[in-house]
Each structure stands twice: as structure tokens, then as C-alpha cells.
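Please open the structure in your viewer and keep the selection tool at hand. This tour goes from one selection to the next and says what is there at each stop.

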Amino acid sequence: MKNSIISTTFAALLAVTSTANADENKLFHGSFAGIEAGYLDAQNDVNGFYYGANLGFRAQSETGLVYGIEGTIGQTNLNNAVDVDYQFSIMPTLGWALGDEKRNLVSVGAGYAKLKASISGPNYSRSNDDFAAFVGFERAIGESLSLRTRVTTYGFDDFLATAGIGFRF
């Protein structure tokens with residue numbers, strides 16, 4: 001009985017250790033959060049500086065397939081009288097981890113975006129719901145730290161180019 005308990009405990013520890021080691025090699029697996037900044041180029045010569053944050057969860061397979069869901073929220077300082085109060089998106093994502101150590105991630109996503117803007121002066125505010133899609137590249141520079149860049153389009157009319165840093169936890 002005692003040997004059976006020791007053997008079972010040893011087997012369980014070995015399985016947990018093997019799983020933990022396998023997950024350590026998956027640099028894009030798990031919950032993550034990050035910050036980003038960039039430039040928005042919209043219709044009618046409206047453009048400006050964007051800053052925001054992202055939060056999500058991804059799963060990475062042994063073959064390098066990465067899938068998950070991500071939400072972003074941010075604000076843009078435009079070059080006119082319109083103030084962007086907030087803009088957010090939520091998108092399922094799909095990507096592929098590349099390279100010998102699978103430290104590079106090429107990904108795409110598409111989903112829902114919302115923008116709330118107001119005009120300086122008169123008390124006017126408007127919200128807009130739209131389709132959003134992105135293509136991006138991310139490089140893991142540590143076990144839980146990565147740098148990323150991406151281009152997002154809103155309704156295929158407005159384009160946002162960003163760069164950011166992410167933390168996996």
C-alpha cells in the first residue's frame with residue numbers, strides 16, 4: 001500500500017513537472033495584458049496619437065497554432081475639435097508561433113469595435129459600432145515579456161498602427 005501511494009505520488013509529480021515544462025516552451029500561452037501606442041489615420045484627414053491597453057487569453061498548441069480572445073481599450077488625441085472619449089474592441093485571434101524556439105508570433109483577428117467621440121464646445125457626443133480586423137507580429141523577449149506591432153482597420157476606412165509591450169501571467 002505504502003509503495004503504491006509513493007508510486008502514484010511520484011507519477012503525479014512527474015506528470016505535473018512535464019506539463020509545466022511543456023507550458024514553459026509555449027511563450028504565447030495563457031493570460032496576458034499590455035500597453036500600446038500608435039498613430040490613427042482616419043477619413044477626411046483626421047489623424048492623431050493613440051494610446052491604450054489590451055487584455056486577453058491565448059492557448060498555444062504543440063505545433064505552434066495560437067488562438068484566443070483579446071480586448072483593447074484606448075483613446076486618441078485627434079488633430080481637430082473632435083475628442084475621442086474611448087475606443088474599444090473585442091476580437092477572437094488566430095496565429096502561428098514561428099522559429100526554432102517559437103518566439104515569433106504572426107497573428108490576425110477580427111471582431112467588434114466601439115468608438116465614443118464628442119465635439120469640443122457644444123455638448124455633442126456620438127457612439128459608433130464597427131467591424132475591426134488586424135494583422136500583427138509579436139516577439140517574445142523573455143518567458144513572460146513580449147514586444148508587438150500591429151495594424152488594425154476599423155470598417156476598412158480607418159487604420160491604426162501600434163507598437164506595444166505585453167506581459168504574460
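Begin by selecting Ser107, which lies in strand β5; helices (H or I, at least four residues) and strands (E, at least two) are DSSP runs, numbered from the N terminus. At 11% relative accessibility, Ser107 counts as buried, where buried means under 20% relative accessible area, exposed over 50%, and partly exposed in between (1.4 Å probe, protein chains only). If residues up to four places away in sequence are set aside, Ser107 touches Leu94, Gly95, Phe134, Val135 and Gly136, a contact being heavy atoms within 4.5 Å.

Before going further, please note that this is a predicted model, in which local features need pLDDT of at least 70 and side-chain atom pairs count only at pLDDT 80 or more, while totals for chains, interfaces and linings use all residues. Residues are numbered from 1 along each chain as its sequence is written, and side-chain values use heavy atoms, with hydrogens and water left out.

**Across to Arg150**

Keep Ser107 selected and add Arg150: their C-alpha atoms are separated by 9.0 Å, although the two residues are 43 residues apart along the chain. Arg150 is placed in strand β7 and is buried, with a relative accessible area of 9%. Leaving aside neighbours within four places in sequence, Arg150 is in contact with Glu70, Phe134, Val135, Gly136, Leu160, Ala161 and Thr162.

Which residue forms a salt bridge with Arg150? Select Glu70, and you will find the closest N and O atoms of this salt bridge 3.2 Å apart; a salt bridge is a side-chain nitrogen of Lys or Arg within 4 Å of a carboxyl oxygen of Asp or Glu. Glu70 lies in strand β3 and Arg150 in strand β7 (residues 145–154), so the pair ties together parts that are 80 residues apart in sequence. Both Glu70 and Arg150 are buried. Now add Glu36 and Arg148 to the selection, and you have the four residues Glu36, Glu70, Arg148 and Arg150, which are linked in a network of salt bridges.

**Other salt bridges**

A search of the whole structure finds nine salt bridges, and two more of them can be visited here. Select Lys114 and Asp129, whose closest N and O atoms are 3.1 Å apart in their salt bridge. Lys114 lies in strand β5 (residues 104–119) and Asp129 in strand β6, so this pair ties together parts that are 15 residues apart in sequence. At 46% relative accessibility, Asp129 counts as partly exposed.

Next, select Arg103 and Glu101, which form a salt bridge with the closest N and O atoms 2.8 Å apart. Is each partner buried or exposed? Arg103 counts as buried at 17% relative accessibility, whereas Glu101 counts as exposed at 55%.

**On to Glu138**

Arg103 is also among the residues that Glu138 touches, so long as residues up to four places away in sequence are not counted; the others are Phe28, Arg58, Asn104, Leu105, Ser146, Leu147 and Arg148. Select Glu138, whose place is in strand β6 (residues 124–140), and which counts as buried at 6% relative accessibility. Its side chain makes a polar contact with the side chain of Arg58 (3.0 Å) and another with the side chain of Ser146 (2.5 Å). A polar contact is a pair of N or O atoms within 3.5 Å; within protein, one must be able to donate a hydrogen and the other to accept it, and residues adjacent in sequence count only if both atoms are side-chain atoms.

**A patch on the surface**

Now select Tyr67, Leu94, Val108, Val135, Val151 and Phe159, which make a nonpolar surface patch of about 530 Å². Patches are made of residues with over 30% relative accessible area and no salt bridge, like charges being joined within 9 Å and nonpolar side chains (Val, Leu, Ile, Met, Phe, Trp, Tyr) within 5 Å. Accessible areas come from the Shrake-Rupley method with a 1.4 Å probe, and for residues only the protein chains shown count as cover. Within this patch, Tyr67 lies in strand β3 (residues 65–78) and counts as partly exposed at 45% relative accessibility.

**The whole chain**

Finally, select the chain, which has one helix and eight strands. The chain averages a pLDDT of 86, and 83% of the residues score at least 70; pLDDT is the predictor's confidence in each residue, from 0 to 100. Over residues 8–22 the pLDDT is below 50, and beyond near neighbours in sequence this stretch has one contact in the model.
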